[in-house]
Amino acid sequence: MAVGLAGFALLPWYMLDDGLFSFEWLLNGYPFDKNSAPALFLALQGHKLWLAPMGLLLLLPLSLWGRPKNDPVFANVLIAVGVAGLIWFFAQGFGISLRGWNFGFLNELFGKFPDRQFGMGWGAVFVGCAFLFLLALGIAARGAVGGDVFVVSSIGLIIGLVTLFIFMPVVKMLGSALVTEDGGYSASSFLGKFLSSRIWGLECIMGGSRCGVAWNSLFLALVVGFVTTLLGLVFALIATRTNARFQKVLRALTVLPVITPPFVIGLAIILLFGLSGVFTQGWAELFDTQPTRWVYGLPGLLIAQTLAFTPIAFLVLIGVVEGVSPSMEEAAQTLRANRWQTFWTVSLPLMRPGLANAFLLGFIESMADFGNPLVLGGNFDVLSTEIFFAIVGAQYDQAQAAVLAIVLLLFTLTAFYAQRFWLGNKSYTTVAGKGDAGMHPPLPRALTLGIGSIAAFWLLLTVIVYCTIFYASFVKLWGVDASLTLDHYVQAFAIGWNEFGIHWKGSAWDSFFTTLWIALISALPTALIGLLTAYLLVRQSFAGKAAFEFGTMLSFAIPGTVIGVSYVIAFNVPPIEITGTAIILIISFIFRNMPVGVRAGVASMSQLDRSLDESSLTLGANSFQTFIRIILPLLRPAILAALVYSFVRAMTAISAVIFLVSARYDLSTSYIVGRVENNEYGIAIAYSTALIFVMLLVIGLMQLIVGRRDIGRRGQAGSARQLQVAGGG
Amino acid sequence: MIKSNAASVEFRNVSKVYPGSRVAAVDNVSIHVEEGRLVTLLGPSGCGKTTTLRMIAGLEFVTSGQIIIGGKDVTTLPATERDVSMVFQSYALFPHMTVRENVEYGLKFSGFPKREIADRAMAGLTLVGLQDYGARLPSQLSGGQQQRVAVARALVLEPQVLLFDEPLSNLDAKLRRQVREDIRDIQTKLGLTVVYVTHDQEEALAVSDRIIVMNNAVVAQEGTPRELYDAPANTFVADFIGEANLLNCEITKIKAGIASVRLGPVKLDLPARGQAVGPARLAIRPNRINLVKGSTKNTLPATLSKVTYVGKHLECMAMTEAGPIFALCNDVDAAFKPGDKVGLDFPGRGPVLVAE
């Protein structure tokens, strides 16, 4: 409450032009200057009278001083204050728009609004939190969740954050899909756009030139899902059921999708198979044909996405394949089934849930992929790039982008829901507890040979792809001038000296440092919010827990492009006016990557014996102290892993941030995409290579540290693996 | 030095229904644990004894009823705010803290000055004989030592009530006797109120002042170990505590609290224990039956179907008109063999009338 009052009386209510981290307002006529004054002074000077009720509400709980906690009056007053405060808080926030009242009837009620709304600042943030806390205190005092204030306020906080930064933007986006060109609302115009042939057209089947983007996306996602599942199964079988020597290599490869910016594979495919690509040129010379642009479009996308997402399917399936208890297979063999029959009748059916899961993951990944279609798509339009062009292209059609985003969201949510419905919560569980004794029987010989050659081919392709990237970063002009040079690196990362000391001359440094610090800043809250959510999910029981879990995991299924569009739409206007700032980037990273933290936390927390927290509670620590002193220290490896993964994911993210970057806060990935669009492949590739190495370094360091911190508990490998699964998303 | 703040524990009509379940885990239970006593909650798994314990700790909350500790109503207080400590089945030692840090953990939240925290922790470790192990990690201790650390950690808080949840189940058989005697010694020495959960009837008989037998979410019987063993209230208790032959018999008349009981040809005069004239149930411990060669007066004729030599006694299965009876014969040199006709003699304190 004190915090709330401080927010009300001391901190500027509205966000200032110079951003949230600047403290210049302290010198600029504070506290009486209209722009930087706290709400208290604003109200006292008669400027923004509608802020005054909140101050009174915040003072109300003082009257409860001295009352016992289990007095029903205490609880009820707090709840009333919390609810009223929050309602007023949001009503004033959303009720007043840029140009006065947001709703017509308010206009009639109070007359024309004399002022405009500004984005909320720190003062507002604190006041909002204070109301939330008061509400939680009240609910806890009524005995919810054992009267635990910490747990109730955590639940409240996370629900609030998820609502504000995931649901609200998406809902706003849905709303803006209804807006017509002249600014009115119209369902028919929405339906017209939604059902347009540009999205759902089927001409290509009848021999026309192109199909609707929705069908394109769907078809691509289905094929990619199928192929990656198959390849993933092949690799999982090799890794667990054969004694092939490249098992280690396979496991190492799984880290690749985590550290590779999503479009890099696409770039490499262009270098290899594009118009001036090695293979295209070689083929043309060999057979004396004209080199073509065949790879742009569906074929290229298929290759690139298959290469990029197979490791994800592998990670899912290796757990499943290992989880099939060897004794089942041994039992089948003693019942006179031969190796083939065992494989077809026992092993494969037992893997079925895992296969479904891998397929759906591949499907969602392909749907949400943005980088590869952007560089490789050609005339083959998919939803994610179409959304991008609707927003940044010449047309700037928010409504169109929103409609496309809805279609995309429908697909991924359906897949996500199907996955949940089908598999329940068991998505990644393998055999628990004591493993069965026994050995997996070797695979049939023909099968071994078959999958071995497929795997070898894929490995070869991957190695070629990464070598190409590395090599191409030194080539002067790919396909034209093959001489080696360091020019690209110099151009991007040159360092010079001037009178101020080191001068970061290279053109990439700016975006590189921005990316680094934004990724660093967002990593900590991501891990914390994720772990807190995991703690609530694993250790506490409260009404609506299932919905709570669904909500927090939902952002997993929302493609980055959708998040990007909805953030642009929702946070462009007050009360939360953060477009073009670093804050919006940080927030988008936190909520995009939150599921990673949640999964990491859930995985490792399930391995902590519940009696540990219970004994801490009986020893007199409250749940907050237990969380800080017992759970966090025991989860240290998981925290570190979550930190690093959210950092790495922030470094490689493209789909959401490309909508959110600004001239001042450009990120590596969007910078690279910009270079690709200008056909400056050299710099793009050099920069990507540098990024991959930086992230290899980070991951390597983490492995080193986590390896050392191991305090002899089981299952570290398991949680790390789950992380990587989540990390690929 | 560690003192005791022992207090009594009382349940008034406590029921607990877990969310999503329609059956009560604990159904209208009223118990009273006197201060300074060691009381055991005994019963088969799923009988509600652990739920009862966790409700005393404040880890579960009652659905209805009241819990009173030391005369104060603590029904709605969470674990943190109750003056109760618990020793967990898995010990729940914090693996990232040393033994000393584990023992000091609860003291840190009790507002003691630093100096005193260290002193008390040392006193606690000394009490369980682990004063030299403070710097070790729990993973470097044996199971029995970990158990003692867990006890020390709970003891140093000088709780009103100390709870044990199946503390011996992770120890091997030899160590169990040792540890349970240690627990009993500390309890009597400090005069602690202890509530102890176990499903092992022998353990319960050995450590307890009183035993509360639970079955199907209700209290089946409460009493001293001897009362429960010698005079079980019903067939469940008779069968659960020790072994018992449960036989059908007939009460012919009741006079001054003594029932005349007929079991086949045998006539017995037994305390009536609330039973009425008519068919009744009789519980007889196998070691309270004497086997006599041939048939003598007032013995139950039987044919031995099985005789097993197990070292310290013979285990005999005898077929009688009242059904098969399991009996122990302490004379290992007696030449009983299957097929022998014998008489079963029931000495005065052997058979007990029990409710169904």
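**View 1. A:Phe571, a buried loop residue in the predicted model.** A:Phe571 has 25 C-beta neighbours inside 10 Å, so it counts as buried. Its place is in the loop that runs between helix H26 (560-570) and helix H27 (582-605) of chain A. Look for A:Ile584 too: 13 residues separate it from A:Phe571 in sequence, and the C-alpha to C-alpha distance is 8.2 Å.

**View 2. Strand E12 of chain B and its alternating side chains.** Follow residues 258-263 and you'll see the side chains switch faces. B:Ala259, B:Val261 and B:Leu263 point to one face and are buried, while B:Ile258, B:Ser260 and B:Arg262 point to the other and are not.

**View 3. Two hairpins that share E12(B).** On one side, strand E11 (residues 245-255) pairs with E12(B) in the antiparallel sense over five bridges, with B:Lys255 standing opposite B:Ile258. Two residues sit between these strands, and B:Ala256 in the turn has a positive phi of about 55 degrees. E12(B) also pairs with strand E13 (residues 266-271), again antiparallel, over six bridges; here B:Leu263 has B:Val266 as its bridge partner. This hairpin, too, has two residues between its strands, and B:Gly264 in the turn shows a positive phi of about 60 degrees.

**View 4. Where chain B meets chain A.** Here 23 residues of chain B are in contact with 23 residues of chain A. On the chain B side, strand E6 (84-87) and helix H2 (99-108) are the elements giving two or more residues, and E6(B) provides the largest share, three residues. By class, that side has 14 nonpolar, eight polar and one charged residues. As for confidence, the model scores ipTM 0.73 and pTM 0.73, and chain B averages a pLDDT of 88.

How values were computed
Residues numbered from 1 in each chain as written. Chains lettered and ligands numbered in written order. Predicted model: local features only at pLDDT ≥ 70, side-chain atom pairs only at ≥ 80, totals over all residues. Contact = placed C-beta atoms within 7 Å. Helix = DSSP H or I, 4+ residues; strand = E, 2+ residues; numbered from the N terminus. Nonpolar A, V, L, I, M, F, W, Y, C, P; charged D, E, K, R; others polar. pLDDT = per-residue confidence, 0-100. Buried ≥ 20, exposed ≤ 12 C-beta atoms within 10 Å, placed from the backbone. Pairing = 2+ DSSP bridges.
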